[in-house]
There are 4 protein chains.
Amino acid sequence: MGNGKKGSKSDRPISKQQYNDTLEQLQVELNNLARWVRYYNKRVLVLFEGRDTAGKGGVINAISECLSPRQCRVVALTKPTEVEKGQWYFQRYVEHLPEAGSITLMDRSWYNRAGVEKVMGYCSDDEYKRFMKQAPVFERLLVDDGIMLFKYWLTVDQSEQEKRFAERLEDPLKRWKLSPIDLEARQRYAAYGEARDAMLKVTHTAYAPWTLVDFNSQHLGRLTLIRHLLDRVPDFQVPAESLVFPPLDRKAAKEKFETALKPIKPIKLA
Amino acid sequence: MGNGKKGSKSDRPISKQQYNDTLEQLQVELNNLARWVRYYNKRVLVLFEGRDTAGKGGVINAISECLSPRQCRVVALTKPTEVEKGQWYFQRYVEHLPEAGSITLMDRSWYNRAGVEKVMGYCSDDEYKRFMKQAPVFERLLVDDGIMLFKYWLTVDQSEQEKRFAERLEDPLKRWKLSPIDLEARQRYAAYGEARDAMLKVTHTAYAPWTLVDFNSQHLGRLTLIRHLLDRVPDFQVPAESLVFPPLDRKAAKEKFETALKPIKPIKLA
Amino acid sequence: MGNGKKGSKSDRPISKQQYNDTLEQLQVELNNLARWVRYYNKRVLVLFEGRDTAGKGGVINAISECLSPRQCRVVALTKPTEVEKGQWYFQRYVEHLPEAGSITLMDRSWYNRAGVEKVMGYCSDDEYKRFMKQAPVFERLLVDDGIMLFKYWLTVDQSEQEKRFAERLEDPLKRWKLSPIDLEARQRYAAYGEARDAMLKVTHTAYAPWTLVDFNSQHLGRLTLIRHLLDRVPDFQVPAESLVFPPLDRKAAKEKFETALKPIKPIKLA
Amino acid sequence: MGNGKKGSKSDRPISKQQYNDTLEQLQVELNNLARWVRYYNKRVLVLFEGRDTAGKGGVINAISECLSPRQCRVVALTKPTEVEKGQWYFQRYVEHLPEAGSITLMDRSWYNRAGVEKVMGYCSDDEYKRFMKQAPVFERLLVDDGIMLFKYWLTVDQSEQEKRFAERLEDPLKRWKLSPIDLEARQRYAAYGEARDAMLKVTHTAYAPWTLVDFNSQHLGRLTLIRHLLDRVPDFQVPAESLVFPPLDRKAAKEKFETALKPIKPIKLA
């Protein structure tokens with residue numbers, strides 16, 4: 001299935017069984033974390049950055065699929081409109097900051113400017129410099145306001161990236177992840193690395209540190225990242241609300257349909 | 001894992017293998033559909049309604065996980081704020097209608113008013129009646145504007161629902177799906193059915209018909225729903241853009257880290 | 001002063017004194033209306049349409065200047081962005097519908113499509129026809145939801161319009177109101193009238209009627225429109241909250257400035 | 001008329017004639033400024049703060065009434081919703097920052113926290129302290145991004161303030177400006193002054209300085225403030241686009257009405 005759920009073909013350091021079992025345990029903890037977030041009206045913001053094919057979408061799905069979509073939101077902005085281009089650079093992201101009791105996962109973020117925009121020349125030098133100056137200041141404001149901000153950068157070697165590009169070309173479920181821009185990006189693997197290091201130098205701060213996670217194995221990368229995220233939050237135990245379901249006081253009903261509309265026939269399996 | 005990915009324990013009409021294979025084929029078609037949507041700037045809006053535990057979240061994930069989060073958005077609104085309560089009822093939903101080239105999946109929708117609000121007495125009789133009058137008119141406006149609107153209602157018998165409530169109580173990954181309100185909802189299984197039928201009577205229209213899908217088996221329900229959705233859209237083939245990845249003109253690079261920051265150690269597996 | 005406050009030079013059917021005295025009385029009533037709106041959580045929406053130079057801005061100012069900007073909002077949208085162009089036509093207006101207890105004045109509105117867009121060819125024939133079909137339906141939804149919707153169309157003869165165009169060219173305070181598009185619009189005076197009549201035919205409804213007001217005199221037009229608006233709302237008396245200001249229990253203080261910052265010197269008058 | 005247009009009764013240092021003539025000249029300059037803003041895609045943000053009755057609304061109207069409502073927006077936020085209270089404090093203001101080519105006038109602003117909220121105890125001590133730390137940092141981000149930020153604080157002595165409270169009680173056009181909270185505010189005149197000074201100490205910065213303007217005379221205060229604002233912007237001359245209106249090539253038309261709908265009868269003047 002798409003969005004990296006299967007991991008890539010070369011994903012062999014751990015068995016599928018190990019992956020599933022460990023992920024399930026981590027997802028239980030994520031649920032505890034989410035309950036704690038709700039109970040104490042915390043706000044959690046997690047940024048996911050990294051190379052093309054590194055596996056941002058996959059790890060985001062692994063987190064969000066086990067949480068309430070009403071509490072945990074995935075934000076994946078498209079390119080800015082003309083009006084947005086004329087605004088304060090951070091404005092369109094501010095709109096999506098987590099509200100009290102909620103968790104926001106950003107699939108790419110304001111760091112576009114220090115990565116793809118820098119490397120591909122989509123922003124001016126002034127814009128780039130201003131971003132590098134403003135990002136840590138902006139993040140400081142959020143953190144001091146009580147937003148719990150976590151920043152992950154997913155690394156992957158080029159040989160692995162090449163395999164994944166090849167898979168994406170072949171696999172119709174991954175084809176949407178490819179665009180002509182990727183052709184260019186491959187040629188600039190080193191430049192992306194340099195841009196990342198320049199970015200880390202100024203935006204890796206005490207209050208909003210970066211965490212680099214090796215995603216040469218997507219399965220191992222996902223587990224590693226989620227484990228790390230959980231360990232960043234101290235002691236998030238809130239007991240689940242006690243609920244007692246008494247026995248039904250009548251016979252369990254079947255669906256009845258008073259209108260002519262009935263459930264459609266099930267799919268015919270091959 | 002949560003959000004119904006595993007389906008429920010009683011989910012046995014098809015094998016896991018059958019489910020995975022068929023889902024993968026459907027997801028390939030969903031990707032073709034998405035490419036067509038983008039190519040022709042179509043707008044697709046799918047509403048998911050149904051009983052508690054029926055499996056809305058699970059089928060939404062099965063669709064969204066294989067598509068670009070920049071194109072396919074899941075909208076799961078929380079309860080309205082005081083300001084929103086004073087607005088035109090449909091206003092807060094209008095904001096999330098799909099834009100050109102995109103797909104929006106609504107996990108619950110404006111039909112809250114005809115379901116939970118009606119049954120639990122959260123809206124006045126006037127508000128309910130007005131909704132029943134306005135919903136088909138509102139939807140007509142959207143459809144005539146070119147929005148492709150699909151409405152699914154997921155059915156499940158009470159015996160199955162009871163099993164799932166019990167699983168949710170026990171399974172820490174499903175515990176978030178339970179709330180005290182569910183206790184009340186169980187007692188009103190029949191009332192929910194009646195509310196649904198009343199709603200179908202006036203909102204099942206030629207231009208925006210409802211489709212009922214049996215989710216007593218979540219796996220079969222998901223496949224059935226997705227197959228149906230795909231069949232509603234005529235002939236959505238757009239060839240994938242041709243891309244050629246020439247061989248790299250240099251040796252594949254490894255990640256190099258110029259700052260002290262290195263990838264963290266991988267998780268220790270048990 | 002700009003925005004028609006002075007009215008136009010040819011504005012002579014009533015004396016300035018008469019205008020000011022009558023407007024002041026009407027503004028007292030507008031304040032009573034606004035108090036009633038707040039008290040009963042009503043929602044008032046007034047659309048202002050009409051020919052270029054007719055005086056929309058002037059009458060909107062005459063209303064809004066005497067009310068709280070926190071209660072009475074003026075909405076004057078600019079042209080749609082690319083994203084907005086791909087949305088349901090009414091979507092960007094829905095966002096600005098009045099909330100409970102408030103009044104919204106729209107300087108132009110969704111009727112752009114039946115006026116300037118139709119006459120100047122900015123929309124397709126299909127879009128125009130769809131608008132003509134949808135507008136009355138959309139407005140019905142709003143009105144049935146309890147929004148008090150008033151629609152005014154300001155008329156002006158071409159000889160008067162010509163004078164005002166000439167004034168706008170000369171008067172630096174009115175110069176911003178002119179654009180090259182006005183040159184074209186003058187030539188199409190008749191076409192605009194026909195477009196208006198076509199629009200009236202289908203959108204003048206029992207629940208959301210149009211009111212035409214002669215603005216060949218802007219002063220008289222403003223008073224006439226406001227009087228009419230007030231008469232549309234039955235009996236909006238709510239006594240002002242009683243407030244007693246006891247004498248200060250100390251000597252009235254003077255501003256004191258503890259920092260070096262002091263009020264700047266007053267302007268030097270010529 | 002309301003919103004301080006007449007100024008207060010005690011407003012006698014300059015004649016009405018002087019006021020009108022000078023204001024008109026300033027408004028011409030404001031129009032030039034606005035053209036420059038549009039031409040160069042500048043963004044102008046003006047904050048208006050000050051004591052109750054000082055005259056924020058009046059000076060805002062004097063500026064906005066002569067400019068295009070599509071370019072110059074007045075932002076007067078109501079109190080935050082529950083959701084907004086759980087967000088980053090500045091978030092709801094960020095949404096209203098000026099876009100390219102536009103001017104935003106804020107009638108009160110984020111400085112609420114350092115004024116009324118501090119004095120009346122509406123925020124916690126922590127929130128207050130955090131605001132005092134964040135405000136200058138936040139403003140620096142905006143200014144460095146190119147937003148032209150101007151901050152005005154309107155001063156008024158208590159004896160004058162008392163007169164205006166009395167007028168507001170009596171004048172039905174000003175009655176909406178009074179609320180029970182004003183009763184309390186009168187008693188805390190000194191505390192408001194101290195809060196202002198504390199605020200000036202940390203938020204009067206080189207890049208975003210405050211300007212204090214004496215509004216004991218509202219007319220003089222308005223002219224002084226607008227003159228100052230204009231002087232802050234260097235050399236904003238952009239010639240108005242040249243437009244030539246050729247003579248109409250036909251006889252000026254009169255409004256003709258094809259439907260039964262005709263302009264309503266003009267108001268009967270007393």
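At what angle do helix α1 and helix α10 of chain C pack, and how far apart are their axes? Keep that in mind as you click around; this is a predicted model.

**Stop 1: chains A and B.** Select both. A turn of 180 degrees, with a shift of 0.0 Å along the axis, lays chain A on chain B with an RMSD of 0.0 Å. That is how a two-fold axis relates its copies. Now colour the interface residues of chain A: 100% of them are also interface residues in chain B, so the copies meet through the same surface.

**Stop 2: α1 and α10 in chain C.** Select residues 16–39 for α1(C) and residues 218–232 for α10(C). Here's the answer to the opening question: they pack at about 25 degrees, with axes 10 Å apart. Angles under 35 degrees count as roughly parallel, and therefore α1(C) and α10(C) get that label. Their crossing is left-handed.

Next, show side chains. On the α1(C) side, pick Y19(C), T22(C), L23(C), L26(C), E29(C), L30(C) and L33(C). They meet H219(C), L223(C), I226(C), R227(C) and L230(C) of α10(C). By class, this contact has 8 nonpolar, 2 polar and 2 charged residues.

**Stop 3: chain D.** Select α1(D), residues 16–39, and α10(D), residues 218–232. Their axes come within 10 Å and cross at roughly 25 degrees, so α1(D) and α10(D) are roughly parallel. α1(D) passes α10(D) in a left-handed crossing. For the contact, try Y19(D), L26(D) and L33(D), among the α1(D) residues that meet α10(D), where L223(D) and I226(D) are among the partners. The contact divides into 8 nonpolar, 2 polar and 2 charged residues.

Technical notes: Residues numbered from 1 in each chain as written. Chains lettered and ligands numbered in written order. Predicted model: local features only at pLDDT ≥ 70, side-chain atom pairs only at ≥ 80, totals over all residues. Least-squares fit on C-alpha atoms with pLDDT ≥ 70 in both. Contact = placed C-beta atoms within 7 Å. Axes fitted to C-alpha atoms, helices over the stretch in contact; angles between N-to-C directions. Helix = DSSP H or I, 4+ residues; strand = E, 2+ residues; numbered from the N terminus. Parallel < 35°, antiparallel > 145°, perpendicular 65-115°, else oblique. Left-handed = near helix turned anticlockwise from the far one by under 90°. Nonpolar A, V, L, I, M, F, W, Y, C, P; charged D, E, K, R; others polar.
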